[in-house]
Amino acid sequence: MTAAATGCRPIILIGLMGCGKTTVGRELSKMLAMPFLDMDAVIEEQIGKPIPAIFKDEGERHFRALETALLRYLVNDEGRGAPVISTGGGVIMREENRAILRKLGFCVWLDVDVDTLIARTARSNNRPLLLNTNRRAMLEKLSQQRAPLYAATAHLRLDSSRMDINTVVRSILSALQEHPNVPHEEFQQ
Ligand code: S3P
C-alpha cells in the first residue's frame, strides 16, 4: 500500500499519553512510505530542550501555544507531503487545535484504558504531567476530561487497549479506504 491509497491525506493520531501514537505512527509511515512527524519532537527541536524542561522553564501555557503554532503552520502548508502525524496527548484541549486537526487530516483516536496506559507509561520520565504524582489518579482525571474532546476531534475511534500494533495499523488502513473523502469533504463545505 502507498500514500496514494490513503488519498494522500495526512493521518493524525490522537489520544492520551501512552496510547501508542508514536509507535503506531512510525509503523504506518513505514508501511505507506509517508513521512512521519512527531509534534512533541518537532517542538523539542525548535526550542532546543526536552518537553519537561519546556514545561518547567516556560510553563504549560507556552507549550500549548507552541502546539497551536505548529498546527497553524501545518494546515497552511496543507499537510504537504501527507505525513503521518503523532500529536501530544493534550493537543485537543484548545478548540482551535481541534478544528485544525479535523481539517488537516484523517484523525484517529487510539482509545486505551487507564490500566494499559499506566503499564505503558511506567518507565517514562519525559512526561511532566505524570511526574511526582499519582499516575492512576492523573490518568483517570485526564481520561475523563479529555474523552469528549478526543471524540469531537476524531474521524475514527479505535478501542485499541487489547489490539496489537498490526491490528491497529490494519484497522486504520481499512477505515481510510472506507472513508475516501474525509477530510476533503469538510474542506469544501
Ligand atoms: C501531554 C502529552 C505529551 C506531551 C506533553 C503533554 C499531555 O505527549 O505533549 O507532556 O498533555 O497529555 P504524549 O501524549 O506523546 O506523551
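1. Threonine 87. This residue lies in the loop between strand S3 (84-86) and helix H5 (95-104). The model is predicted. Threonine 87 has a relative accessible area of 2%, so it counts as buried; the cut-off is under 20%. Its side chain has a polar partner: a polar atom there lies 2.7 Å from the backbone oxygen of leucine 13.

2. Leucine 142. Look next at helix H7 (residues 135-153), which holds leucine 142. Leucine 142 is buried because its relative accessibility is 5%. In sequence, leucine 142 and glycine 89 are 53 residues apart. In space, their C-alpha atoms are 9.5 Å apart.

3. Ends of helix H2. Helix H2 covers residues 39-47, and aspartate 38 caps its N-terminal end. The capping distance is 3.1 Å, from a side-chain oxygen of aspartate 38 to the backbone nitrogen of aspartate 40. After H2 comes glycine 48. The phi of glycine 48 is positive, near 80°.

4. Ligand shell. How many residues surround the ligand? There are 15. The closest are Lys21, Asp40, Arg64, Arg127 and Arg146. By class, the shell has six nonpolar, four polar and five charged residues.

5. Polar contacts to the ligand. Aspartate 40 deserves a second look. Its backbone nitrogen takes part in the cap of H2, and an N or O atom of its side chain is 2.8 Å from an oxygen atom of the ligand. Two arginines also reach ligand oxygen. For arginine 127, a polar side-chain atom lies 2.6 Å from an oxygen atom of the ligand. For arginine 146, the corresponding distance is 2.7 Å, again from a polar side-chain atom to a ligand oxygen. Arginine 146 falls within the residue range of helix H7 (residues 135-153).

6. Ligand burial. How much of the ligand's area does the protein bury? Taken alone, the ligand exposes 380 Å². The protein buries 95% of that.

7. Pocket and elements. Where does the ligand sit? The ligand is in the largest pocket. Which elements give two or more residues to the shell around the ligand? They are helix H3 (51-57) and helix H4 (60-76). Arg64, one of the closest residues to the ligand, falls within the range of H4 (60-76).

Note on methods. Residues numbered from 1 in each chain as written. Predicted model: local features only at pLDDT ≥ 70, side-chain atom pairs only at ≥ 80, totals over all residues. Heavy atoms only, no water. Near = heavy atom within 4 Å. Polar contact = N/O pair within 3.5 Å; in protein donor to acceptor, adjacent residues only side chain to side chain. Areas by Shrake-Rupley, 256 points an atom, 1.4 Å probe, with all protein chains shown as cover. 1 Å grid on protein atoms, 1.4 Å probe; cavity = no way out; pocket = protein on both sides within 12 Å on 5 of 7 lines; lining within 4 Å. Sits in = over half its atoms within 2 Å of the grid points. Helix = DSSP H or I, 4+ residues; strand = E, 2+ residues; numbered from the N terminus. Nonpolar A, V, L, I, M, F, W, Y, C, P; charged D, E, K, R; others polar. Buried < 20%, exposed > 50% of the residue type's maximum accessible area, 1.4 Å probe, protein only.
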